[in-house]
Amino acid sequence: MKNISFRHDVLPLKDMLYRLALRITLNHEEAQDVVQDTLIKVWNRRDEWDDIDSIEAYSLTVCRNLSLDRMKKKSHQTESLDSIPAETPDQNGSPYEQMLQKDRIDLVKRMVNSLPEKQRSCMQLRDFEGRSYKEISQILNISEDQVKVNIFRARQAIKQRYQQIENNGL
């Protein structure tokens, strides 16, 4: 008996689920809806929790699948990147340095958002959530080698695009 508690084991995953859903849907409201649907779906399967190896991996898998389903239904109607707030730039520099930092953050965010979904999801789970390759492979239902390849390709694409823009101005 694993004794999984919704309050102590599932609810704390809410922020992580939201970040994954947001990375896939690129829409705050959609991501919030996906998280709510995920929590409901996980709660409704509470009788089966003892059979689940990792409630966290299970919850992330449900979240990803629901996000992808919503994206298929929406048929690629995404919200403007302007409505996604950027992280707050370092307040210690001059206004010019703060503006440059904010622009760089926005640029990298747009680059990550433009990656194929599988690369975006792998990168989100690995680089932003700190998940292991094994966990990511279980969540996304792909091999660990595929996870590594997707992360490598995502990082390479971001690096190349960023260097290209830094060198050429666009």
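## Exercises on a predicted model

E144 is found in helix α8 (residues 144–168), where helices are DSSP runs of H or I with at least four residues, numbered from the N terminus. The model is predicted, so local features need pLDDT of at least 70 and side-chain atom pairs pLDDT 80 or more, while totals for chains, interfaces and linings use all residues. Residues are numbered from 1 along each chain as its sequence is written, and side-chain values use heavy atoms, without hydrogens and water.

**Exercise 1.** Determine the exposure class of E144 and its contacts beyond four places in sequence.

*Solution.* Buried means under 20% relative accessible area, exposed over 50%, and partly exposed in between (1.4 Å probe, protein chains only). E144 has 34% relative accessibility and therefore counts as partly exposed. Contact means heavy atoms within 4.5 Å; E144 is in contact with Y133, K134 and S137. The C-alpha atoms of E144 and Y133 lie 5.7 Å apart, at a separation of 11 residues in sequence.

**Exercise 2.** Classify the packing of α4 against α7 by angle.

*Solution.* Axes are lines fitted to C-alpha atoms over the stretch in contact, and angles run from 0 to 180 degrees between N-to-C directions. Helix α4 (residues 55–74) and helix α7 (residues 133–140) pack at about 45 degrees, with axes 8 Å apart. This makes α4 oblique to α7, since angles under 35 degrees count as roughly parallel, over 145 as roughly antiparallel, 65 to 115 as roughly perpendicular and the rest as oblique. Contributing residues are E56, A57, L60, T61 and R64 in α4, which meet E135, Q138, I139 and L140 in α7.

Notes: Helix = DSSP H or I, 4+ residues; strand = E, 2+ residues; numbered from the N terminus.
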